[in-house]
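Visitor: I would like to learn how to read a structure from its parts. Please take me through it.

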Amino acid sequence: MNSIQINIPSGANTIIQELEKHGHAAYVVGGCVRDSVLGRNPADWDITTDALPEEVKSIFPVTIDTGLEHGTVTVRINHVSYEVTTYRIDGDYEDGRHPKDVTFTRSLEEDLKRRDFTINAMAYNERDGLVDLFDGIKDLEAGVVRCVGSPMERFSEDALRMLRALRFSAQLGFDVEEDTFAAIRALSPTLAKVSAERIQVEVLKLICSLHPERMEQVSESGLSAIFFPEWDNMLSCQQATPHHCYDVGHHTIVVMQQVPATKVMRLAALLHDVAKPVSKKTDNKGADHFVGHPSLGAVMAKEIMRRWKLDNATIDAVCRLVKYHDERPELTPRNVRRMVHRVGLDYMDDLLTLQHGDVLGQSLYEQQNKLERLEALRQMYDVIVKEQQCVQIADLQLNGKDIMEAGIPKGPLIGEALEHLLDMVIEDPTRNNKEFLMGELAQWQISR
Ligand code: ATP
Ligand code: MG
């Protein structure tokens, strides 16, 4: 028996032991084995067994039919869910998308063989210890992502695996093994057959990883040409300006590294300069300018995130951050309030974080000044929050109903009146009282 020991959570162990009591074999498998060996905390514990789904269901009192056609039953133990999947052989991935059919098998080896990478193809239980038929441990130790079997064959079965290879290399800080990478280069165009939803999952995991710089290999491999050609243009877009020391793509990578690893922040970092390649103008002194790239970038970012089928809340948040990432108001309280109003109170924290990352991804030219300026902006923003200064219509001491009572008919005029009053209050916060606002409203009606 191998000397490697894994602490299986008690729920998963109960499932394995119950299955064994009924004459079956069962193991934890895949990501949880890999992560345990690496000393990382597994996200979930998947179980693989020779028991058929119906047999699994008959043994455990609480089960959910998660994906019976793929052999997966969810078993609940003490309010924790475990996916229990029958050993299977995947049929042809005829369209490079999903297995046309799956066949159940009584052989663990067959089940491990269908898995994508050697580091993901290990199983473990207390009875047998580690089952590592494809030298997964060796690859974990060497830090390589390598296909189980022939990379060309495995990527032809399911093209998504190519992107998964780079995703795991980014999460684990591993290299993609040479033959595996060569196969990705050769087959990258076939990623076009894979659904946007599946691509999205891998892209998000990749950019939210410890190594977002692996996006460089996403381009080298030819994969971004299929789902994110804008990225290739960013990597080849030089910036002749004292503010920058990298091309747009490498600048973007540093900004991703500087912001927290959340979906919105990493997407905003990835896309903030997406319009630079198409906005670039070189003046007669050879200096590059990118006028209008933030607003055009917001338009492009929306198109890209729709292509990836991201949800609307994420798209809205990211587009706002892209649109305002270069906003640099003159540092007066009034101007900062205006900025907060434009950007939206809920987005300011993220925007300041993005701007901070953006500065750190630029050259040292003026960097100290830029950071001090940002710090001053943050302090002024903090005062606005602390004093609960009015920067949005909802904070006005007067509402739509008051305006209608003042004789303005229901309709777009109400919104206009509120915007006008907010403008007055942003100018001077002491004006946010009903008396002043009613007077101002009367004036506004006359002047129109
Ligand atoms: P994560 O920590 O991100 O969940 P994971 O290794 O558990 O990583 P999953 O996508 O949850 O990855 O897949 C679970 C296991 O199923 C993998 O470890 C691998 O063995 C297998 N697997 C998943 N997707 C594929 C695929 N497209 N082709 C072959 N095997 C796959
Ligand atoms: Mg998993």
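Guide: Start with two terms. Contact means heavy atoms within 4.5 Å. Helices (H or I, at least four residues) and strands (E, at least two) are DSSP runs, numbered from the N terminus. This is a predicted model, where local features need pLDDT of at least 70, side-chain atom pairs count only at pLDDT 80 or more, and totals for chains, interfaces and linings use all residues. Residues are numbered from 1 along each chain as its sequence is written, and side-chain values use heavy atoms, with hydrogens and water left out.

Visitor: What covers the buried residues of helix 17?

Guide: The cover includes helix 14 (263–271), helix 16 (293–307), helix 18 (333–343) and helix 19 (345–360). Buried means under 20% relative accessible area, exposed over 50%, partly exposed in between (1.4 Å probe, protein chains only). In helix 17 the buried residues are Thr314, Ile315, Ala317, Val318, Cys319, Leu321, Val322 and Tyr324.

Visitor: How many Å should helix 17 span?

Guide: The expected span of a helix is 1.5 Å times one less than its number of residues. Helix 17 (residues 312–324) has 13 residues, so 18 Å is expected; its end C-alpha atoms are 18 Å apart, which agrees.

Visitor: Now the sheet. What is the order of its strands?

Guide: Strands of a sheet pair through backbone hydrogen bonds, either parallel or antiparallel. Here, two strands pair if DSSP finds at least two bridges between them. The open sheet has seven strands in the order 3-4-5-2-1-8-9, with mixed pairing. Strand 3 (63–67) and strand 9 (129–131) are at the edges; each has a single partner strand, so one side of each lacks a neighbour in the sheet. From one strand to the next, the twist averages 35°. Axes are lines fitted to C-alpha atoms, for helices over the stretch in contact, and angles run from 0 to 180 degrees between N-to-C directions.

Visitor: In which sense do strand 3 and strand 4 pair?

Guide: Antiparallel, over three bridges, with strand 4 covering residues 72–77. Gly67 has Thr72 of strand 4 as its bridge partner.

Visitor: Which strands does helix 1 touch?

Guide: Helix 1 (residues 10–21) packs on the sheet against strand 1 (26–29), strand 2 (46–49), strand 4, strand 5 (80–86) and strand 8 (123–125). Its direction makes about 150° with that of strand 1. Helix 2 (residues 31–38) also packs on the sheet, touching strand 1, strand 2, strand 8 and strand 9, at about 65° to the direction of strand 1.

Visitor: Which residues have the most contacts inside the largest nonpolar core?

Guide: A nonpolar core is a set of buried Ala, Val, Leu, Ile, Met, Phe, Trp, Tyr and Cys residues joined through side-chain atoms within 4.5 Å. The largest has 105 residues, and Val28, Phe227 and Leu271 have the most contacts inside it. Helix 7 (residues 160–172) gives the most to this core, with eight residues. Leaving out residues up to four places away in sequence, Leu271 touches Phe228, Ala301, Ile304, Met305, Val318 and Val322. A second, separate core has 15 residues, including Leu422 and Val425.

Visitor: Where does Glu366 lie?

Guide: In the loop between helix 19 and helix 20 (367–386). Its phi is near 65°, a positive value in a residue other than glycine. Glu366 is partly exposed, at 39% relative accessible area. Gln388 has a phi near 50°, also positive in a residue other than glycine. At 69% relative accessibility, Gln388 is exposed.

Note on methods:
Chains lettered and ligands numbered in written order.
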